[in-house]
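Reader: I should like to learn how to read a structure feature by feature. Could we work through one together?

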Amino acid sequence: MSIIQVENLEYVYGAGLPGATRALHDVSFSIEEGDFVGIIGPTGCGKSTLITHFNGLHRPSSGRILVDGQDMWADPKAIRRFRFMVGLVFQYPEYQLFEETVYKDIAYGPTNMGLDADEVRRRVLMAADFCGVAESWLEKSPFELSGGQKRRVAIAGVIAMQPRVLVLDEPAAGLDPEGREMILSQVKAYHRESGSSVVLVSHSMEDIAKYADKVLVLQEGTVAMYDTTENVFARAQELMDMGLSVPQVTQIFLQLRSMGIDISTDVYTIPYAVKTICRALEERGLSGC
Ligand code: ADP
């Protein structure tokens, strides 16, 4: 069964008021348990509006969202339940840290779920471990940490709720390449080991290519593509026509093709690029790999 199913979602900001903006329309797709879905699209296409629907921060103007088969808004009083099932990490989540200690910040979500102190502690330690939060930081004030360290604490706070779906909006924004790699590889490890689904919004095509198994492309408030990462990046020209970039390695293959070299262009990772070049050489009777 799909963990998230979106049916004909429409969302209008300021509905009924002058200047109302229809941010989403005719959005239908589903995310299966264990999927790692990347969401891309030009600024203003509705990415943030869409993901804030997943844990009930926005209510559809029309259409439905089912989480684990249940219509989120069938009983609006029960919406809190879905906030624990779908964990949302906003952009720059470190700005939301507020407790006296790192421990208390990570414990905030699981404590709110009504779990007992032992279970809260187990989850804090598990989440800290996943996010590379050292035990020695736990009794420090979050404000003593660097920006990248605070980001890891904030993500640990969401992971500590053990959501069935972890949704992250540009989790690596503003970090240096080493910080990006660290956060995203930790998210990937969490995905692999917990079996939960992950939804990653990112402007970085390299990050999407490296981590996502499926990609949803939004354009002007609706789904333009939803397919495996390979199939989406194989439509590189269409993505570029939408004003999006494609991974650098894909651009190289497009360039080779435009130079008249007969080579496939559905390449989006370095290992697959190596394989494709080796195959092309072999086909031409040249070895070298
Ligand atoms: P993205 O995350 O892809 O940049 P958003 O979901 O933020 O896109 O925005 C989608 C559309 O909704 C845009 O046209 C944006 O201007 C509009 N929008 C976003 N937030 C609001 C708001 N609070 N009030 C009115 N319009 C909004």
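Author: Certainly; let us begin with the ligand. The model is a predicted one. Around the ligand stand Tyr13, Thr21, Ala23, Pro42, Thr43, Gly44, Cys45, Gly46, Lys47, Ser48 and Thr49.

Reader: How should one describe such a shell by class: how many of its residues are nonpolar, polar or charged?

Author: One sorts the residues by class and then asks where they come from. Here the shell has four nonpolar residues, six polar ones and one charged one. Strand E2 (21–32) and helix H1 (47–54) each provide at least two of the shell residues. The largest share, three residues, is supplied by H1.

Reader: Which backbone atoms lie at short range from an oxygen atom of the ligand, and at what distances?

Author: Three consecutive glycine and cysteine positions should be read together. A backbone N or O atom of Gly44 is 2.7 Å from an oxygen atom of the ligand. For Cys45, the corresponding distance from a backbone N or O atom is 3.2 Å, and for Gly46 it is 3.1 Å. The protein buries 58% of the 560 Å² that the ligand exposes when taken alone.

Reader: Let us turn to helices. How is the length of helix H5 to be judged?

Author: One compares the span with the expected rise per residue. Helix H5 covers residues 147–159, 13 in number, and its first and last C-alpha atoms are 19 Å apart, close to the 18 Å expected at 1.5 Å a residue.

Reader: Why can H5 be called largely enclosed?

Author: The general idea concerns the faces of a helix. An α-helix has 3.6 residues a turn, so residues three or four places apart point the same way. In H5, ten of the 13 residues are buried, and therefore the helix is largely enclosed by the rest of the structure. The buried residues are Lys150, Arg151, Arg152, Val153, Ala154, Ile155, Ala156, Gly157, Val158 and Ile159.

Reader: Against which elements do the buried residues of H5 pack?

Author: Their partners include both helices and strands. The helices are H3 (102–112), H4 (117–130) and H6 (177–194), and the strands are E6 (86–89) and E7 (165–169).

Reader: H6 appears among these partners. Is Glu181, which belongs to H6, buried, partly exposed or exposed?

Author: Accessibility is read against cut-offs: under 20% is buried and over 50% is exposed. Glu181 has a relative accessible area of 38%, so it is partly exposed. Beyond its neighbours within four places in sequence, Glu181 is in contact with Lys210 and Tyr211. With Lys210, the side chain of Glu181 makes a polar contact of 2.8 Å. The C-alpha atoms of Glu181 and Ile51 are 23 Å apart, with these positions 130 residues apart along the chain.

Reader: What may be said of His191, also placed in helix H6?

Author: The reasoning is the one just applied. His191 has 10% relative accessibility and so counts as buried. Its contacts, apart from neighbours within four places in sequence, are Gly34, Asp35, Phe36, Ser196, Val198 and Asp213.

Reader: As a last case, how is Thr250 to be read: buried or exposed?

Author: One first locates the residue, then takes its accessibility and its partners. Thr250 lies in helix H10 (residues 248–258). Its relative accessibility is 0%, so Thr250 counts as buried. The side chain of Thr250 reaches the backbone oxygen of Val267 at 2.6 Å. Outside its neighbours within four places in sequence, Thr250 is in contact with Phe233, Ala236, Thr265, Val267 and Tyr268.

How values were computed:
Residues are numbered from 1 along each chain as its sequence is written. This is a predicted model: local features need pLDDT of at least 70, side-chain atom pairs count only at pLDDT 80 or more; totals for chains, interfaces and linings use all residues. Side-chain values use heavy atoms; hydrogens and water are left out. Helices (H or I, at least four residues) and strands (E, at least two) are DSSP runs, numbered from the N terminus. The expected span of a helix is 1.5 Å times one less than its number of residues. Buried means under 20% relative accessible area, exposed over 50%, partly exposed in between (1.4 Å probe, protein chains only). Contact means heavy atoms within 4.5 Å. A residue is near a molecule or strand if one of its heavy atoms lies within 4 Å of it. A polar contact is a pair of N or O atoms within 3.5 Å; within protein, one must be able to donate a hydrogen and the other to accept it, and residues adjacent in sequence count only if both atoms are side-chain atoms. Accessible areas come from the Shrake-Rupley method with a 1.4 Å probe; for residues, only the protein chains shown count as cover. Ala, Val, Leu, Ile, Met, Phe, Trp, Tyr, Cys and Pro count as nonpolar, Asp, Glu, Lys and Arg as charged, and the others, Gly among them, as polar.
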